[in-house]
Amino acid sequence: MITVFSLLLSIVFLVLAVIHFNWFFGGQFGFEASLPTKENGERVLNPKKIDSAIVGLALLSFCCFYFYKSAVTALYLPNWIMQYTGWIISILFFIRAIGDFKYVGFFKKVKQTTFGEMDTAYFAPLCLVISIVGILIETLN
């Protein structure tokens, strides 16, 4: 079960990393819908290309962590990384799912924007699922 869940999260993080690297290299797929805006359409965040690369690298490292956690490969990370990183990733995505209580997450106030609707339908639930699956992996381990 741990192997299946770990591979599932690895694939999810790989897809998310590829999307962020696409933005770094100039792609526009989903870029506008992925940024929170105020009711008047003004962006709350204005990330630079390097920000997309940094997030892409973080997501790729999460992908690698869960791939190693799946035990499909014989490569192992140090024990302290294997012991704590899964909990840290799960907590980060749980916090993201809860949100900032204004523009992001399940408890946001600004919901009638493109991002708000996408966040309610896809982004926040995905973050919650990532968190729950990550917690399951850590507790079953």
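Which helices do the buried residues of helix 3 pack against? I opened the predicted model with this in mind, and I find that they pack against helix 1 (2-24), helix 2 (49-69) and helix 4 (114-140).

**Helix 3**

I looked up which residues are concerned, and the buried ones in helix 3 are Ile81, Met82, Gly86, Ile89, Ser90, Phe93 and Ala97. As background for reading that list, I note that an α-helix has 3.6 residues a turn, so residues three or four places apart point the same way.

I then checked the course of helix 3, which runs over residues 79-98 and has 20 residues; from its first C-alpha to its last it reaches 30 Å, close to the 28 Å expected at 1.5 Å a residue. I also noted that helix 3 carries a kink of about 30 degrees, centred on threonine 85. Just after helix 3 comes glycine 99, and I recorded that its phi is positive, near 95 degrees.

**The largest pocket**

I turned next to the largest pocket, for which I have a volume of about 970 Å³. The elements giving two or more residues to its lining are helix 1, helix 2, helix 3 and helix 4, and helix 4 supplies the largest share, with seven residues. The lining is made up of 32 residues, and those nearest the centre of the pocket are His20, Trp23, Ser34, Val55 and Arg96. When I sorted the lining by character, I had 25 nonpolar residues, four polar and three charged.

**Lysine 108**

Is lysine 108 buried or exposed? I had to look this up for a residue in the loop between helix 3 and helix 4, and I count lysine 108 as buried because its relative accessible area is 3%, where the cut-off is under 20%. Leaving out residues up to four places away in sequence, I found that lysine 108 touches Phe101, Lys102, Tyr103, Gly116, Asp119 and Thr120. I also checked lysine 108 against glycine 56, which is 52 residues apart from it along the chain, and their C-alpha atoms are separated by 25 Å.

**Serine 10**

My last entry concerns serine 10, which I located in helix 1. Serine 10 has a relative accessible area of 6% and is therefore buried. Which residues is serine 10 in contact with, once its neighbours within four places in sequence are left aside? I find Cys63, Tyr66 and Phe67 as the contacts of serine 10, and I note that helix 2 spans 49-69.

Notes. Residues are numbered from 1 along each chain as its sequence is written. This is a predicted model: local features need pLDDT of at least 70, side-chain atom pairs count only at pLDDT 80 or more; totals for chains, interfaces and linings use all residues. Side-chain values use heavy atoms; hydrogens and water are left out. Helices (H or I, at least four residues) and strands (E, at least two) are DSSP runs, numbered from the N terminus. The expected span of a helix is 1.5 Å times one less than its number of residues. The bend at a residue is the angle between axes fitted to the seven residues ending there and the seven starting there. Buried means under 20% relative accessible area, exposed over 50%, partly exposed in between (1.4 Å probe, protein chains only). Contact means heavy atoms within 4.5 Å. On a 1 Å grid over the protein atoms alone, a cavity is a set of points where a 1.4 Å probe fits but cannot get out, and a pocket is an open set with protein on both sides within 12 Å along at least five of seven lines; lining residues have an atom within 4 Å of a point. Grid points are joined across faces, edges and corners, and a volume is the space filled by probe spheres set on the points. Ala, Val, Leu, Ile, Met, Phe, Trp, Tyr, Cys and Pro count as nonpolar, Asp, Glu, Lys and Arg as charged, and the others, Gly among them, as polar.
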